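Here is a short briefing to read alongside the model. Take a look at the fold first, then follow the topics below.

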Amino acid sequence: MRSAVLIFILVMSLGIVAGCNRKPAANTDANQTDAGKESPFAYMTDPAEALAEGNRLLDDNQTEMAIEAFRQAVKLDPDLAEAHFKLGIAYALIEAEMQDVGFDPNQSSNTDPKKPSKPVSQREFERAVDAYKKWLKANPKDDVAQFNLGRAYNKLNRDDAAEDAFRDAVKLKPDDTEYQTELGAILIKLAKYHEALSPLKKALELDAENSRAENLLEDAQAGAKRVDFAQSNSNVKKANSNSNANANVNSNSTPSTNTPPAKQANSTPKPKNPEIKVKKP
């Protein structure tokens with residue numbers, strides 16, 4: 001019964017209305033609400049308060065209610081980057097639930113059939129990126145915003161941009177074990193195993209109980225060994241190839257034994273005048 005209720009809530013939350021003759025809600029973005037539906041958090045006028053309530057609800061696994069709180073937060077402050085990021089996380093959880101039961105989460109979010117559909121969670125992560133970048137222009141020393149920008153990029157699989165953001169966060173606050181861990185994780189994702197070793201070792205120096213950093217360090221070390229082994233084999237093959245090439249060159253430069261000997265010069269000089277005979281000794 002609980003599962004059936006959850007599915008119904010999921011479907012309604014993303015605007016899919018089954019068995020009805022009316023069109024589904026055009027969009028489920030955080031900046032829109034269903035017609036005639038008032039947010040349960042409409043009484044809140046402080047975006048920070050709505051954000052805090054959304055965080056509490058999300059931690060309590062009340063995902064649908066958390067979404068409503070986060071939507072109220074961005075309604076009050078469209079540039080509130082953290083609220084957009086948390087909306088992305090909440091919607092991603094909803095979309096995963098829908099996929100598990102056979103629903104397409106893109107169905108309700110595709111308002112233009114000519115354009116590729118995009119999950120609501122992805123649009124919220126994109127808004128989070130824009131909001132964090134805007135905030136960081138005015139507050140470049142905000143390490144938390146820089147770190148969260150990296151997380152948003154990571155959610156969008158923009159790995160190179162995520163690496164840059166995490167590196168900037170580490171520069172701003174090098175003694176944060178979480179920052180170092182996430183930098184190491186994204187470097188592993190980019191197959192930069194040797195580069196990942198340093199931040200992951202630093203993360204463990206800062207917090208010996210950081211089990212995630214410990215596991216990632218093992219992955220980085222294993223990856224580095226694979227790279228070294230492949231590089232070593234490549235160097236051996238290259239050396240053998242060069243050796244064979246040199247051997248062929250040396251072989252081709254040896255003079256042939258079948259070359260006829262040069263004719264010896266006649267020791268008896270010929271006279272300039274053919275009429276004069278030269279006495280033989």
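**The nonpolar core**

The largest nonpolar core has 57 residues, and those with the most contacts inside it are Phe85, Tyr132, Leu149, Ile188 and Leu200. Helix 4 (residues 81-100) gives the most to this core, contributing 9 residues. Please keep in mind that this is a predicted model.

- Tyr132 is a good residue to centre the view on: leaving aside residues up to four places away in sequence, Tyr132 touches Ala81, Glu82, Phe85, Ala145, Asn148 and Leu149.
- Two of these partners, Phe85 and Leu149, are also listed with Tyr132 among the residues with the most contacts inside the core.
- As general background, nonpolar side chains in soluble globular proteins tend to be buried together.

**Overall fold**

- The protein chain has 10 helices and 0 strands, so from the N terminus on the order of elements reads α-α-α-α-α-α-α-α-α-α.- Of the 281 residues in the protein chain, 37% are buried.
- About 18200 Å² of the protein chain is exposed, and carbon and sulfur atoms supply 50% of that area.
- Among contacts between residues at least 6 apart in sequence, 58% join residues at least 24 apart.

**Aromatic rings**

- The structure holds 3 aromatic pairs.
- One of them joins Phe147 and Phe166 in a tilted arrangement, with 5.5 Å centre to centre and 50° between the planes.
- Phe147 lies in helix 6 (residues 143-155) and Phe166 in helix 7 (residues 159-172), so this pair ties together parts that are 19 residues apart in sequence.
- Both rings belong to buried residues: Phe147 has a relative accessible area of 5%, and Phe166 has one of 0%.
- Ring pairs also bring in Tyr179, linking Phe147, Phe166 and Tyr179 into a cluster.

**Helix 9 and its surroundings**

- Which residues of helix 9 are buried? They are Tyr193, Ala196, Leu197, Pro199, Leu200, Ala203 and Leu204.
- Leu200 is also one of the residues with the most contacts inside the largest nonpolar core.
- Helix 9 (residues 193-206) has 14 residues, which at 1.5 Å a residue should span 20 Å; its end C-alpha atoms are 20 Å apart, so the two values agree.
- Tyr193 has a charged neighbour over its ring: Arg226 lies over the face of Tyr193, at 5.5 Å from the ring centre.

Terms used: Residues numbered from 1 in each chain as written. Predicted model: local features only at pLDDT ≥ 70, side-chain atom pairs only at ≥ 80, totals over all residues. Heavy atoms only, no water. Helix = DSSP H or I, 4+ residues; strand = E, 2+ residues; numbered from the N terminus. Buried < 20%, exposed > 50% of the residue type's maximum accessible area, 1.4 Å probe, protein only. Contact = heavy atoms within 4.5 Å. Areas by Shrake-Rupley, 256 points an atom, 1.4 Å probe, with all protein chains shown as cover. Core = buried A, V, L, I, M, F, W, Y, C linked by side-chain atoms within 4.5 Å. Phe/Tyr/Trp six-rings, centres within 6.5 Å; stacked < 30°, edge-to-face > 60°. Lys NZ or Arg CZ within 6 Å of the ring centre and 35° of its normal. Expected span 1.5 Å × (residues − 1).
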